[in-house]
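Trainee: I would like a close look at one part of this model. Please take the salt bridge and then the nonpolar core.

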Amino acid sequence: MLVDHFLAHLGREAPVKGIEAAAMSKLAAHDWPGNVRELEHVLERAVILAGDEPVVSAQEIDFGLDIN
């Protein structure tokens with residue numbers, strides 16, 4: 001429900017209308033060490049990365065944890 005809420009809010013500024021099942025699975029599998037704000041930021045970044053695509057894919061879901 002939170003994903004739908006945030007996508008609806010972000011959809012006012014971008015053409016995103018939905019999220020792929022694989023992207024939802026990726027979100028569900030994440031440990032979420034942050035709070036709801038972390039989810040909002042992950043989705044905001046995904047919408048930006050999706051560009052003109054109407055659906056967020058798993059490829060756009062980035063948790064920013066790439067430490068090398």
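Mentor: The charged pair comes first, then the core. This is a predicted model, where local features need pLDDT of at least 70, side-chain atom pairs count only at pLDDT 80 or more, and totals for chains, interfaces and linings use all residues. Residues are numbered from 1 along each chain as its sequence is written, and side-chain values use heavy atoms, with hydrogens and water left out.

A salt bridge here is a side-chain nitrogen of Lys or Arg within 4 Å of a carboxyl oxygen of Asp or Glu. The count comes to 1 salt bridge. Arg 45 and Asp 62 form it through their side chains, at 2.9 Å from N to O. Arg 45 sits in helix α3 (residues 36-50) and Asp 62 in the segment after β2 (55-56), so the bridge ties together parts 17 residues apart in sequence. Helices (H or I, at least four residues) and strands (E, at least two) are DSSP runs, numbered from the N terminus.

Buried means under 20% relative accessible area, exposed over 50%, and partly exposed in between (1.4 Å probe, protein chains only). Asp 62 is partly exposed at 30%. Arg 45 is partly exposed too, at 42%.

Now the core. A nonpolar core is a set of buried Ala, Val, Leu, Ile, Met, Phe, Trp, Tyr and Cys residues joined through side-chain atoms within 4.5 Å. The largest one has 17 residues, and Ile 19, Leu 27, Leu 43, Val 56 and Ile 61 touch the most other members. Helices α1 (2-10), α2 (21-29) and α3 each give two or more residues. The most come from α3, with 5 residues.
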